[in-house]
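Trainee: Mind if I pick your brain about this one? I'd like to go through it piece by piece.

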Amino acid sequence: MISTKKEKESLSRNTQINRLGLWHHLTQSNHARIGFILFSAITLICFLGPFFLDQSFDSTELELGASPPSLEHFFGTDTLGRDLLIRTLIGGQISLLVGFSATAVALLIGVTYGMIAGYIGKKTDIIMMRFVDTLYALPFTIMVILLTVLLGRSLILIFLAIGAVEWLTLARIVRGETISIKTQPYVEAAQLNGLAHHKILYKHILRNLISPVIVFATLTIPSVILLESVISFLGLGVQAPLASWGSLINEGAQKFDIYPWLLILPSIFFSLTILSLNFIGDAFRDGLDAKN
Amino acid sequence: MNLRFIATSLLLLKIALSLGCSPAQTNVERGILEQELYIGIGTEPSGLDPHLVSGMTEHYVLLSLFEGLTTLDPKTLEILPGVARSWSVSEDGLSYTFDLDPEARWSNGDSLTAYDFIFSYQRILSPELGAPYAYMLYAIKGAEAFHKGKIQDFSSVGIRAPNPQTLCIELHSITPYFLTLPTHFTWWPVHKSTILKHGAMTDRISKWTQPKHFVGNGPFALKSWRLNNMIKVEKNPHYRAQNSVQLNGIHFLPINLETEERAFRAGQIHLTSGIPIARIDWYKKERPKNIRFDPFLGVYYYLINTSKGPLKDPKVRKALAYSINREQLTEHVLKGGQKPAYHFTPPNTGGYTSNDCFSYDPEKARQLLAEAGYPNGLGFPEIEFLYNTSESHKIIAEAIQQMWKKELGVEITLYNQEWKVYLSSRQAGDFDIARSSWIGDYLDPYTFLGLGESDSGNNHSLWQDSVYDEILSQATQSLDKKMRFESFQKAENHLIEAMPFIPIFFYVRSLLIDESVQGWYPNTLDYHPYQHLSLERIPDSI
Amino acid sequence: MFKLIIKRLLQAIPTLWIIATITFVLMQLTPGGPFDQEKPVTPEVKLLIEAHYGMDQPIYEQYIRFIKNRLMGDFGPSYKYIGWDVDEIIAQSFPISLELGFYALIIALIIGVPLGVFAALYHGTKMETLLMGIALLGICLPAFVLGPLLLLIFSTELGWFNTFGWNVASDRVLPAVTLGLFYAAFIARLTRSGTLDVLKHPYIQTARAKGLKESKVIWIHTLRSSLSPVVAYLGPAVAGMISGSFVVETLFFIPGLGSFFINSAFNRDDTMVMGTVLFYAVLIIAFNLVVDLIQIWMNPKIKRD
């Protein structure tokens, strides 16, 4: 099974980490550094790269069609002969924007909602959680279709639509954790000492449930990026000829055996982003652990 | 990185396993042995009641289960006998007498009589049933009035049966293509006692189409039906021309295009309902024998809302039409042998082929746009283009958007809507330009040109022109074929001059077909009676 | 415990009623009806068709009739699939989704939990990076990418599995793997973080100090509480898995509930939307209840609340 020596090493490493502060930890951890560098690089390339490229994301070259990577088109071209690099970069702007904003919305609502429900408990908890059950069950497709009709097409609506679904699971997780933390002796002690509720929530509860929240957030970003393509499919949000990573990957997956570059290149950007986010997320988690 | 690792390890796995594995028998091979056809039909049919359905998918299945008075030769689309052995036409061309085949039977053994047809036509024309395609029978005298509730008595509709073997139909006006109508599923008979056993004559909600109840009169009978899985039909032992049927059964698989293509490559189906665009080049190169592009009675067009801003001006509409490079589009984007459209009615619609009414002429397009007050697109207001969500509509729109931008300097914004939302936007006139298409119902130019009539429920362009209406009514009323076609040509020219619809291309039916399938002939109606099909083993050519 | 279950079942009634009502309103507001098609029927014919389904009556009467019928367990006929009833379709397709979801869940747990636990145990080592890298792969390869890849390799190229359908035993493999791996990745990451949290607790350190066997410490003392976020996540996830995944069912052409669930919305098949939504709602409520019960079992102190 597990050799004791190895295990001791990992334990000692744990305690070492624990001594470091959050900031210190973030700057010292190798993973965090790699994560930060990678992530900043991708963001910079996506937002600044298009200024240095002379191709445009929508001008077609029908005779050329889908062509593999070449000197003229580093990433190759799609079936309409459009440069895939610039499409991936512009798509990245959208995907990163949607990914972060929608996840932020989901985090804000989900964590607050879950903590309140879990902390107050009793009838409030029951009503709040049945509300979550209700939202889970409502037909998402219909709601998105309705949104397009009632409110038109804008990027803000994507955040709304995605945020509206993604916070639900988070709220349930946070609520479960809050209830379990609430029963810990130190919380009870704080309550007896008359510490204000918002202070308890912040100081004792939020800090202790931060780790599943961070993990969930780093998992939510890729889900959101992919969900965006589904929502655009329903007519809300990003419109052709703009593309996003989600839609590029989706298109590429269907033609993978014929035009592999259409899938591989956007996927690399997408995967590296997720990898870097997970590194950062893990480092954050460890750092916060250490701080407590 | 990871992909490469996976690919390498799988390659190793494949080598390791291919040494010990012998391939199992595929559906295609089993089908050849047992004369059972496996065919992809794209989507799940919405039902098997010929009076209540309206799509191509349903047509594919129903064609095996029912048969009308006449049938068509799949090679030439000539009229052939069906349930009717022979027929005669009166001098004035207004009444037809059909002599039914005494061998015609239902799949439960009951004999099929002229009374069954009367029951069926009464059923589909009964307003209470709400048959979506009842208008296909409007050629019959009194049918329209009965369907619209203006007359209540069905006996005043022009259908009579002097005896069980004879059916007389009176038309309300000359209909040169009349004999092709009974080949459409709306004209097929349904079994009276089965229908009445499971509800009233005009009940939509009925269990009669379930496999255990189903009775039809086609070469095959319904064996099993599971939604999103398979419809299986078996040879009908009571079919009138039983000996002509070579297949023992057909498996209809409602699988989507991508899955169909994979299934075909793996030898799991003999025929597909289409080909994903991205695969066309590969099949052309690697398996040219398996790919077919048959002309099809349909036009893909851009619908213009002629009440919106600059689109009110026919010059603007024509500028948009002239600046689309259709050859480039069909050759490099669609790839399936679609014909660029320079008129509205597809070639060879009931023998009529229109002249090209315009051409790709960006120079003239720019000139027209300048005349309309927008030289080089200057000052052209923001126009939006609507399409229903679909990969192919999207890429066509993306390509054309760029052509307009390049040739005219006009910026057009694209947006997509989900199918039903798109339909209601189009219906409500809530669009500037919308992608659209029209599939002919029968072999006559009127099925296309009628779309532009002022009172047509399908004309969403809001373009109305009494001159056009006049020309069309002249065309439909003339007896002489040549004069008729000349009038249609006049109408066609008039339509293109006004350009409420920008024709883009004429459809083809593209499909993958296994070499073993015999008797599948290309025709514009996509009409392939299964009694003409058989499966033959093709010896491996070395 | 028993009281809690009864209480929650009672709460389910107003919840389901609210869900049904909101869905009813949503369907009324959504543009496009079940009988709209490319070649539209005339308005007169449309009215006649709608009369068949009672759609010609005033909205409030439709609503009352709708609630009454649902109460009597009658979900009505499908608008799209003529000749089929909604409960017939659900009865036919749900067992398939349930089976698929069950396999996927097993795969997800068997891969996800050990991956997460070992990653936590090897926290800070190269081993952890490797294990979590594997889990990340599952996230970077969503079903609509993984599915076609698996099909390409194992079905069209190698010919080991059918490219579509749900007819023979081997048809279960690829869809279950495609669906399961995605959840496995989520579970692995949540398990890892939960285990790390628990490992630093004093009682674990005490248990370790007492010299309890390492494996016993992990599996008995930590797993129970470290899985708490995983369990909270699994409630809705399992409901989603067994009610069918649209992407996987469409890719592999499986006649499960998931494709009906989504397609009914596109078809505006109101009765079918309603039927599937309520069915799914029951599943969600049931699994969230199960989750709450498990969480109480994991941490008995919660019960007092």
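**Backbone oddities, contacts and confidence**

Mentor: Sure, let's start in a loop: A:Pro241 lies between α9 and α10 of chain A. Bear in mind that this is a predicted model.

Trainee: What is the omega of the peptide bond from A:Ala240 to A:Pro241, cis or trans?

Mentor: Most peptide bonds are trans. The one leading from A:Ala240 into A:Pro241 goes the other way, being cis. Its omega is near 5°.

Trainee: Where is B:Met499, and why does it count as buried?

Mentor: B:Met499 is found in the loop between α16 (481–498) and β16 (501–512) of chain B. Its phi is positive, near 50°, and the residue is not a glycine. The cut-off for buried is 20 or more other C-beta atoms within 10 Å. B:Met499 counts as buried because its C-beta neighbours inside 10 Å number 26.

Trainee: And C:Phe253, what is its phi?

Mentor: C:Phe253 lies in the loop between α11 (246–252) and α12 (257–267) of chain C. It is buried, because 26 other C-beta atoms are within 10 Å. Most residues other than glycine have a negative phi. For C:Phe253 the value is positive, near 55°.

Trainee: Back to chain A: which residue follows α6(A)?

Mentor: Helix α6 of chain A runs over residues 140–151 and has twelve residues. From first C-alpha to last it reaches 16 Å, close to the expected 16 Å. Its buried residues include A:Phe140, A:Ile142 and A:Leu147. After the helix comes a residue with a positive phi near 80°, A:Gly152.

Trainee: Which element gives the largest share of the side of chain A that touches chain C?

Mentor: In all, 49 residues of chain A are in contact with 54 residues of chain C. Elements giving two or more residues to the chain A side include α1 (4–19), α7 (155–182) and α11 (260–291). The largest share is eight residues, and it comes from α11(A).

Trainee: How many nonpolar residues are on that side of chain A?

Mentor: Split the side of chain A that touches chain C by class: nine residues are charged and 15 polar. The nonpolar count is 25.

Trainee: Now the strands of chain B: which residue is the bridge partner of B:Ser86 in β5(B)?

Mentor: Strand β4 (residues 84–89) of chain B pairs with β5(B) in the antiparallel sense, over five bridges. Their hairpin has five residues between the strands, and B:Gly93 takes a positive phi near 75° there. On β5(B), the partner of B:Ser86 is B:Asp99.

Trainee: Which residues form the covered face of β5(B)?

Mentor: β5(B) also pairs with β7 (residues 166–170) of chain B, antiparallel over five bridges, and B:Ser95 stands opposite B:Glu170 there. On β5(B), the uncovered face holds B:Ser95, B:Thr97 and B:Asp99. The covered face is B:Tyr96, B:Phe98 and B:Leu100.

Trainee: Last topic, confidence: which element of chain C has the lowest mean pLDDT?

Mentor: The model scores ipTM 0.87 and pTM 0.87. Chain C averages a pLDDT of 84, with 92% of the residues at 70 or above. Among its elements, α4 (residues 86–121) has the highest mean, 91. The lowest, 66, belongs to helix α9 (residues 214–226) of chain C.

Trainee: How many helices does chain C have?

Mentor: Chain C has 305 residues, 53% of them buried. Its C-alpha atoms fill a box of roughly 80 × 55 × 30 Å along the principal axes. The strand count is zero, and the helix count is 13.

Technical notes: Residues numbered from 1 in each chain as written. Chains lettered and ligands numbered in written order. Predicted model: local features only at pLDDT ≥ 70, side-chain atom pairs only at ≥ 80, totals over all residues. Helix = DSSP H or I, 4+ residues; strand = E, 2+ residues; numbered from the N terminus. Expected span 1.5 Å × (residues − 1). Buried ≥ 20, exposed ≤ 12 C-beta atoms within 10 Å, placed from the backbone. Contact = placed C-beta atoms within 7 Å. Nonpolar A, V, L, I, M, F, W, Y, C, P; charged D, E, K, R; others polar. Pairing = 2+ DSSP bridges. pLDDT = per-residue confidence, 0-100.
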